[in-house]
Amino acid sequence: MENLSLDLEWNKDWDYLTKVKRPSRYIGGEWGLLPPKDDEENIISLCLAYPDVYEVGMSYLGYQILYFLVKSLDFADADRVYAPWPDMEEMLAKDGVPLRSLEMKKPLRKFDLLGFTLQYELNATNILTMLNLSSIPLRSADRGDEDPIVIAGGPGALAPMPYTPFIDVFCMGDCEELLVELLSILYEHRSFAREEKLKLLSKIDGCHVPLMAGRSGKVKRRIISLQEAYAPERFMVPSDKIVHDRASVEVFRGCTRGCRFCQAGMIYRPVRYRDPERVCELANKILSQSGYEELGLTSLSTCDYPWLEETMDRLGPLLSEYRAALSLPSLRMDPKAIDVALKLEEMKRRGLTFAPEAGSQRLRNVINKGVTEKDIENTLKAVFEAGWSKVKLYFMMGLPTETEEDLRGIVDIIGMARSLGRSYNKRTSVSASIAGFVPKAHTPFQWEAQNRMEELMDKGLWIKRQFHQKNVSVSFHEPAQSFIEAVIAKGDEKVADVIERAWKYGARFDGWGETFDLSFWLKAFEDCGVDPYHITARQIPYEERLPWDHVDVGVTKEFLWSEREKALKGEITGDCRWSGCNGCGLRDVCFSGDVRHES
């Protein structure tokens with residue numbers, strides 16, 4: 001019964017859980033948890049706070065890593081919390097019940113640290129909900145010694161200005177070592193006043209403390225060797241179905257490909273590999289202790305792992321022993337990817353997903369996608385010939401230099417996939433998902449304008465209207481959500497006022513179609529005197545200072561601009577391969593696998 005407690009009378013707990021959507025989000029008690037540390041008074045406590053619902057947050061590999069990492073320290077302990085859905089938020093607020101951690105049922109305000117991940121811009125208002133329900137002042141300047149230190153990491157931490165008033169410490173880059181240093185300093189100086197603690201944290205490489213910004217200057221992202229980084233040897237198993245319900249082992253971090261729209265491909269450079277022996281060792285331990293029936297080998301582009309086939313061969317007997325299937329989260333449209341996919345029975349059951357991204361060869365060159373028309377056709381022929389009957393395709397609309405011909409190319413590729421599929425199997429189904437381009441910080445397209453909402457809507461509807469067949473499904477992302485995402489992705493500290501005002505109007509779970517309401521944001525822009533189109537709909541000159549220029553991710557601004565110029569000329573840049581560096585843009589050194597070399 002303790003696992004159902006929100007620290008109220010049990011009858012009241014039951015009353016809460018019978019009135020909310022998916023009560024399993026709040027139960028806890030998952031398989032694989034580690035017990036709380038006994039000496040609570042003499043340790044540093046961290047609550048990992050994911051600003052989305054349980055089924056999304058439990059799919060995030062980063063929190064599996066950080067949870068078990070902190071648990072392994074003798075001077076620190078970890079717990080978790082996820083954003084409550086509006087029905088639970090309403091009841092907690094009405095009854096004055098604080099938001100509490102999932103395992104210990106401890107009010108968030110009682111932790112030493114509260115750690116958010118900034119994975120998705122449209123989770124911003126959920127951060128304020130979680131702080132508010134915890135009686136933690138929304139703004140760092142208003143917090144006192146009795147309040148937890150609020151830290152944040154993830155890609156959003158590298159463009160921090162819209163979050164700056166709400167976050168005490170930004171952890172930039174790889175956090176496995178950085179977090180241990182941060183916790184160690186707080187443990188050693190736990191009797192210090194809040195301001196003194198923040199001063200100490202501002203001296204850690206990779207930590208940005210906004211209240212001490214004048215003293216910390218430019219902040220450089222932390223980069224570690226994946227081979228030496230902490231990796232969990234066990235997993236928490238969710239109490240209900242989640243978005244990605246499988247065990248996962250990260251095989252490499254970073255990407256060699258250099259797609260010009262892709263923030264992750266830039267900010268996680270250089271590529272760092274985990275060797276096959278260690279991958280198999282982790283897989284064995286996780287599967288043996290979790291009972292998972294699916295193992296994912298994760299990265300930004302797993303088919304680029306140099307030892308993928310060797311690793312799959314090694315994993316074969318292990319997967320048979322545990323009756324587990326292997327899955328790869330991302331496939332390229334090339335022969336190697338198809339050869340790999342043919343070996344995966346799990347993928348045959350679920351279907352395959354590919355991302356041509358753009359409809360024409362010209363535009364794929366602009367974005368440096370590295371996929372040709374022939375690659376697309378040959379890949380589709382190969383998968384249908386091999387017996388697949390389900391294929392999903394991802395595209396983007398509104399990319400820089402896009403024309404009507406490029407949009408027509410999207411339609412042509414979807415049509416080709418349908419025709420080829422039906423030539424092998426009349427039951428073949430093709431689905432296409434189209435996202436609006438969102439310019440992101442630290443990419444070659446960070447200076448580019450975003451299409452206005454009306455333009456994206458017109459483009460999405462036009463593509464959708466081209467298909468009426470039952471076996472073709474076309475959907476596109478809500479342009480208004482892409483618009484707000486771009487405002488936060490490219491905004492400065494003034495956008496923080498907009499986020500707070502939109503939240504006060506009622507903005508919650510803005511990444512969810514059923515709860516997103518653009519009117520809250522439009523009123524907030526007007527109230528705060530912020531022109532969102534000045535942020536999203538204009539091309540920024542190179543000499544203009546960007547809101548994230550004080551963050552050094554390792555890839556130089558000059559390199560990003562040169563990539564933008566290549567894009568406008570339709571020129572491509574070769575891959576930064578593990579065996580040698582070919583223009584990855586890193587300022588200092590690039591290291592891949594165990595090899596370090598000058599860039």
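Modeller: Buried means under 20% relative accessible area, exposed over 50%, partly exposed in between (1.4 Å probe, protein chains only). The model is predicted, so local features need pLDDT of at least 70 and side-chain atom pairs pLDDT 80 or more, while totals for chains, interfaces and linings use all residues. Numbering starts from 1 along each chain as its sequence is written, and side-chain values use heavy atoms, without hydrogens and water.

Biologist: How many residues of strand S1 are buried?

Modeller: Strands (E, at least two residues) and helices (H or I, at least four) are DSSP runs numbered from the N terminus. Ile44, Leu46, Leu48 and Tyr50 point one way from S1 and are buried. Ser45, Cys47 and Ala49 point the other way and are buried too. For S1, residues 44-50, the count is seven of seven.

Biologist: Which residue in S2 is the bridge partner of Cys47?

Modeller: Two strands pair if DSSP finds at least two bridges between them. S1 and S2 pair in the parallel sense over seven bridges. Cys47 has as its partner in S2 Asp79.

Biologist: Which residue in S3 stands opposite Leu46?

Modeller: S1 is also joined to strand S3, residues 113-117, by four bridges, and the two run parallel. Opposite Leu46 in S3 stands Leu113.

Biologist: Is Val81 buried or exposed?

Modeller: Val81 lies in strand S2, residues 76-82. Contact means heavy atoms within 4.5 Å. Leaving aside neighbours within four places in sequence, Val81 touches Cys47, Leu48, Ala49, Tyr50, Leu99, Arg100, Ser101, Leu108 and Met130. Its relative accessible area is 3%, so Val81 is buried.

Biologist: What separates the C-alpha atoms of Val81 and Phe437?

Modeller: Along the chain, the two residues are 356 residues apart. Between their C-alpha atoms, the separation is 31 Å.

Biologist: Which are the edge strands of the open sheet S13-S14-S15-S16?

Modeller: Four strands form this open sheet in that order, with parallel pairing. An edge strand here pairs on one side only. That holds for strand S13 (352-357) and strand S16 (472-476).

Biologist: Which residue in S15 is the bridge partner of Tyr394?

Modeller: Strand S14, residues 390-397, pairs with strand S15, residues 429-436. The pairing is parallel, over eight bridges. In S15, the partner of Tyr394 is Ser433.

Biologist: What angle does helix H15 make with S13?

Modeller: Axes are lines fitted to C-alpha atoms, for helices over the stretch in contact, and angles run from 0 to 180 degrees between N-to-C directions. Helix H15, residues 373-385, packs on the sheet and touches S13 and S14. With the direction of S13, H15 makes about 170°.

Biologist: At what angle to S16 does helix H17 run?

Modeller: Helix H17, residues 453-465, lies across S14, S15 and S16. Relative to S16, H17 runs at about 175°.
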